Each structure stands twice: as structure tokens, then as C-alpha cells.
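Open the model in your viewer and keep the selection panel at hand. The stops below say what to pick and what is there.

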Amino acid sequence: MNTEIKNNIEKNIKIDYAYNNYHDIISKKLPYKFVYLNDWLLKKSKILKKEAELLEKKIKNSKIKNDNKYKTYQRGTIIKADFGIGIGSEMSQVHFAIVINNYDNPKSNVLTVIPLTSKQNRFNLNLGTLIIDLLIEKVKKELKPIKENEINKRNNDATELVKLKKIDTLLSYYKSNIKKTYACCNLITTISKERIFPPINEYDIIGKARCSNEILNDIDKEIKKNFTLTIPQK
């Protein structure tokens, strides 16, 4: 049998085997992360297919250059990302996260982040109501011109109503999804920017708001404590 044909058969067998494994897992109707397994597998396959098609074009045409430019994020920026379905205690599902790169490059497709959670444990750093606080701060700035318009009796009702509706959508989302925020400093990880969600609307803080330097300093201390060796001074 031709070696290439044999390799293709073996690859297809492995794909079928993997499909059967995933099908068995989903059929068990298990809770927690396994509820989202089918959605994540579909999403991941679409992302990989897009990447594969681009690579295929480059292989066929060597003149095609990789001139993709990605959004850049400052250190401390809060994003929302799909961490997929991790193995064991790896971070899974959709979570907010804090970017900890000192420098980000528009040609780089990856970011290193600290995932955030609403669950408290001895490994997580308590950040209080960080997300809600930043959102409320943003909302106050957006509502200030509307109040000034009321004082000056300017009639921009239609525009202001649309703006208020969008802001209300954000408040409803964050209040129902965010309580206290904890930084999972022991789960520091590097992710593709393809995993990052866009803002809900133009008034959303995600991808724009940054946490304070004090919080970043506290995170740095936790990272050093968890991942560096302190050598006793003589």
C-alpha cells in the first residue's frame, strides 16, 4: 500500500476515534465544563479551519505575506476570553482576564493573562468588585453629558434613549454575571487573541479599561510567590 494512502487512513481512524470519545463524553450529560464541550469543539474547529486555509494559501503562493495586524492591549487591560475546555483543573469556559504583558505587538497573536473568577479559594487574589467598579466609573462619565443636556434643555431624546438602552444592557449583564472578583494568579496562561470576545457595545469597558497599578503590583507579588524561588540571605 502506498505510504501516503496508509498515513491518510491512519489519520482518519484517529479522527473517528476522537469523535467517538467526544460523543461518549457528551452523551453522559455531565455538569460543569462538559456541558460546553460541543460548543467549544465547534468553535475551535472553525478557528483552526480558518488558520489552516490561510496556511494552505501561503504554501501554494509563497508571495503571500503574513501582514495580519492584531489589536494590541496595554498591561492591566481587562478582557473577556474563551478558555475552552481544559484538562483537569486548567481554566475552562468564558472568563474575564487581566493582560500582564509588559509590551504587546500588533504582529503578535498571543497574550499572557491572569484569568479572573468569582470563586474564592486560598490561591486566588481578592480584587473586590473590580469589574463592576470600573463599569460604574465608565457609566458615570457617559451619563454626565446627558444630565448636562437636561440642565441646558437640549432635546437629543432619540440619541440619548439609544445610549441609555445600551448602557442599561451592560449594567444588566455585568450585575447578573459579576459579584466579587478574584485573580487566579496560579493559572497564569498564554492565549491566542482569537479567544478574545469583542465588547458588547461601544460603552463596554472590556478591552479598554485597565486595573490600577496597585492591583498589578499585588498580582506581581502573587506570581513571584507562586513561581519564583526565594533564596535566603546569608
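Select strand β1 and look at its two faces: I78, K80 and D82 lie on one side, I79 and A81 on the other, and all of them are buried. This is a predicted model. β1 covers residues 78–82, and 5 of its 5 residues are buried.

Add strand β2, residues 94–99. The two strands pair in the antiparallel sense, over 5 bridges. Which residue of β2 stands opposite K80? Pick F96.

Next, colour the largest nonpolar core, a set of 28 residues. The members that touch the most others are I78, I98, L127, L130, Y174, I205 and I219. Several elements give two or more residues to this core: β2, β3 (110–117), α3 (130–152), α4 (157–177) and α5 (213–227). Which element gives the most? Select α3, with 6 residues in the core. As a general rule, nonpolar side chains in soluble globular proteins tend to be buried together.

Centre on I219 and show its contacts, skipping neighbours within four places in sequence. I98, I114, L125 and C185 remain.

Now hide the largest core. Apart from it lies another core, of 12 residues. Among its members are I79, A97, V113 and I196. Go back to β1 for a moment: I78 is in the largest core, while I79 belongs to the 12-residue one. These two residues also sit on opposite sides of the strand.

Move on to the cysteines. How many disulfides does the structure hold? The count is 0. Select C184 and measure from its sulfur to the closest cysteine sulfur, the one in C185: the distance is 7.8 Å, too far for a bond. The cut-off for a disulfide is 2.5 Å between the sulfur atoms. C185 is likewise in no disulfide, with the sulfur of C184 as its nearest. Are these two cysteines buried or exposed? C184 has 3% relative accessibility, so C184 counts as buried. C185 has 0%, so C185 counts as buried too.

Finish at helix α1, residues 3–27. Put a distance between its end C-alpha atoms: they are 36 Å apart. At 1.5 Å a residue, the 25 residues should span 36 Å, so the two values agree. Then step just past the helix to K29. Check its phi there: the angle is positive, about 55°.

How values were computed: Residues numbered from 1 in each chain as written. Predicted model: local features only at pLDDT ≥ 70, side-chain atom pairs only at ≥ 80, totals over all residues. Heavy atoms only, no water. Buried < 20%, exposed > 50% of the residue type's maximum accessible area, 1.4 Å probe, protein only. Helix = DSSP H or I, 4+ residues; strand = E, 2+ residues; numbered from the N terminus. Pairing = 2+ DSSP bridges. Core = buried A, V, L, I, M, F, W, Y, C linked by side-chain atoms within 4.5 Å. Contact = heavy atoms within 4.5 Å. Expected span 1.5 Å × (residues − 1).
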